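This briefing covers aromatic contacts, sheet pairing, helix packing and backbone geometry. The lead sentences come after the display, and the bullet points follow by topic.

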Amino acid sequence: MNTKINTSVACITLALSLYLSSLTEIRIFTDIKNRLLNKDTEHPFHRVPSIPYSRLINNIESIDTEIFGSMREFGFFYVTNITNYDAATELKYLKQFFTLPTSTKMALAVKKHERNNKNIYRGYGPVVENSGTQHKEMFNIGPHEGPTPRYEHTDSSLDKLRAISREQNVWPVSGDGEFDVEFKRVFRQGVQIRIAIAQGVIRSIARSLKAEEFVSRFTDHEFSTLGLRRYPVRTRINQNMKSEYDNVTLSELEHEDSTVTILTTFNCTGLQALYGDKYIDVPPSNEGFIINIGTIIEDITDKKIKAVRHRVKQVDFERHSIPFFFNPSFDADIGTSISGRLTAAGEKTKIFGEWMREYLPSVEPSLLENSLTKDNDL
């Protein structure tokens, strides 16, 4: 009997010893891995939370503290484990689109770049080679598949812009039927996934602030846009590409966004965010999304959460990303905060559509014709 007990004790002791040894090996392996990958475990952005998709869209209130805390400290967080989403598939079709012949892409170009086309707000934008501040090729997709609402020449500029906000998407006709069908399917689904995430973020913020009326400002989100982006490697550098902050060469200048951004960077580095007084590399989104808010949302929430200032530094490889900009409804009040305070936007405009009428010409000169930004009697 004693022999059996001693044998059992010996077996348990051996198993425990092997288990503890394995833990030590795991710690050693992790340390080696971190050193090999040059992973700074003290990097502040390693503390940015990753929120599971299912918990966000199912309104699990326990995530609110994490989201709100991260938006206050860092200005962003991650969403991971997205159902029915494959980043690799999106990247595949994004890359394939940008390799299409120029004539095929220009058939989809916004009117600013191709005067014979009807689409004004959504569609293709080529690289502008002589621009020092922007160096990207893009294709913009919206949530609207129905015909663009009609408007008359005599309508007000605001009513014309309201129609443009619901502009019908344009899609490639490449001669490869399978590609055309799958491209449209993949990115229409991508829009809907991101809308669901953005709505979950808005609901979470509203719960944290005990301001349920905040959600009603995003009922229609007509101007929301998914942007496919390709950043070619620059062959020439000019002073306009240099950061005024620290003289780093950039492909996207320092800025804050305006509303809610759902960003896909795949495995591409280059994105940096301001933390304290220093720009720090933001870990790529990989199979998930990076979520941040912009200045309008910061102001409406009485600056309880922050619009993070960020940029894209120039890298020595072709970079791709997909931002989705989730916007308030065209007629949403952006002039007052949730506490009733006058916002910065409210000093000039009352509703989001009015703000866009001022904003778009400042960031995309010539995108909108004068009749869309000014009334005839002004």
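In this predicted model, Arg-319 is placed over the ring face of Tyr-231, 5.4 Å from the ring centre. A second arginine, Arg-311, covers the face of Tyr-279 at 4.0 Å from the centre of that ring. Aromatic pairs number 24 across the whole structure.

**Arginines over rings**

- The guanidinium carbon of Arg-311 falls within the 6 Å limit for a charge over a ring, since its distance from the ring centre of Tyr-279 is 4.0 Å.
- For Arg-319 over Tyr-231, the corresponding distance is 5.4 Å.
- Arg-311 also has a place in sheet pairing, as the bridge partner of Gln-272 in β11.

**Aromatic pairs and cluster**

- A search of the whole structure returns 24 aromatic pairs; among them is Phe-97 with Phe-139, whose ring centres are 4.7 Å apart and whose planes meet at 40°, so this pair counts as tilted.
- That pair joins distant parts of the chain, with Phe-97 in helix α4 (residues 87-98) and Phe-139 in strand β4 (residues 137-141), 42 residues apart.
- Phe-97 and Phe-139 are both buried.
- Phe-179 and Phe-183 make another tilted pair, with 5.5 Å from centre to centre and 40° between the planes.
- Phe-179 and Phe-183 both belong to helix α7 (residues 177-209), and because they are 4 residues apart, about one helical turn separates them.
- Both Phe-179 and Phe-183 are buried.
- One aromatic cluster takes in Tyr-93, Phe-97, Phe-98, Tyr-124, Phe-139, Trp-171, Phe-179, Phe-183 and Phe-187.
- The members of both tilted pairs described above, Phe-97 with Phe-139 and Phe-179 with Phe-183, therefore appear in one cluster.

**Helix packing**

- Helices α4 and α7 pack with their axes 10 Å apart and at an angle of about 130°.
- This angle makes α4 oblique to α7, because it lies outside the ranges for roughly parallel, roughly perpendicular and roughly antiparallel, the last of which begins over 145 degrees.
- The crossing of α4 past α7 is left-handed.
- Helix α4 carries Phe-97, while helix α7 carries Phe-179 and Phe-183; these three residues are among the members of the aromatic cluster.

**Sheet**

- Four strands form an open sheet in the order β6-β11-β8-β9, and their pairing is antiparallel.
- At the edges of this sheet are β6 (250-255) and β9 (278-281), each of which pairs on one side only.
- From one strand to the next, the twist averages 30°.
- Strands β8 (residues 271-275) and β11 (residues 310-313) pair in the antiparallel sense over 3 bridges.
- Gln-272 has Arg-311 of β11 as its bridge partner, and Arg-311 is also the residue over the face of Tyr-279.

**Positive phi outside glycine**

- Asn-81 has phi near 55°, a positive value in a residue that is not glycine.
- The loop between β2 (76-80) and α4 holds Asn-81.
- Asn-81 counts as exposed because its relative accessibility is 62%, and the cut-off for exposed is over 50%.
- His-221, also not a glycine, has a positive phi of about 40°.
- The loop that holds His-221 runs between α8 (213-216) and β5 (225-231).
- His-221 has a relative accessible area of 9%, so this residue is buried, the limit for buried being under 20%.

Note on methods. Residues are numbered from 1 along each chain as its sequence is written. This is a predicted model: local features need pLDDT of at least 70, side-chain atom pairs count only at pLDDT 80 or more; totals for chains, interfaces and linings use all residues. Side-chain values use heavy atoms; hydrogens and water are left out. Rings of Phe, Tyr and Trp (its six-membered ring) pair if their centres lie within 6.5 Å; planes under 30 degrees apart count as stacked, over 60 as edge-to-face and the rest as tilted. Helices (H or I, at least four residues) and strands (E, at least two) are DSSP runs, numbered from the N terminus. Buried means under 20% relative accessible area, exposed over 50%, partly exposed in between (1.4 Å probe, protein chains only). A charge sits over a ring if NZ of Lys or CZ of Arg is within 6 Å of the ring centre and within 35 degrees of the ring normal. Two strands pair if DSSP finds at least two bridges between them. Axes are lines fitted to C-alpha atoms, for helices over the stretch in contact, and angles run from 0 to 180 degrees between N-to-C directions. Angles under 35 degrees count as roughly parallel, over 145 as roughly antiparallel, 65 to 115 as roughly perpendicular and the rest as oblique. A crossing is left-handed if the near helix is turned anticlockwise from the far one by less than a right angle, and right-handed if clockwise.
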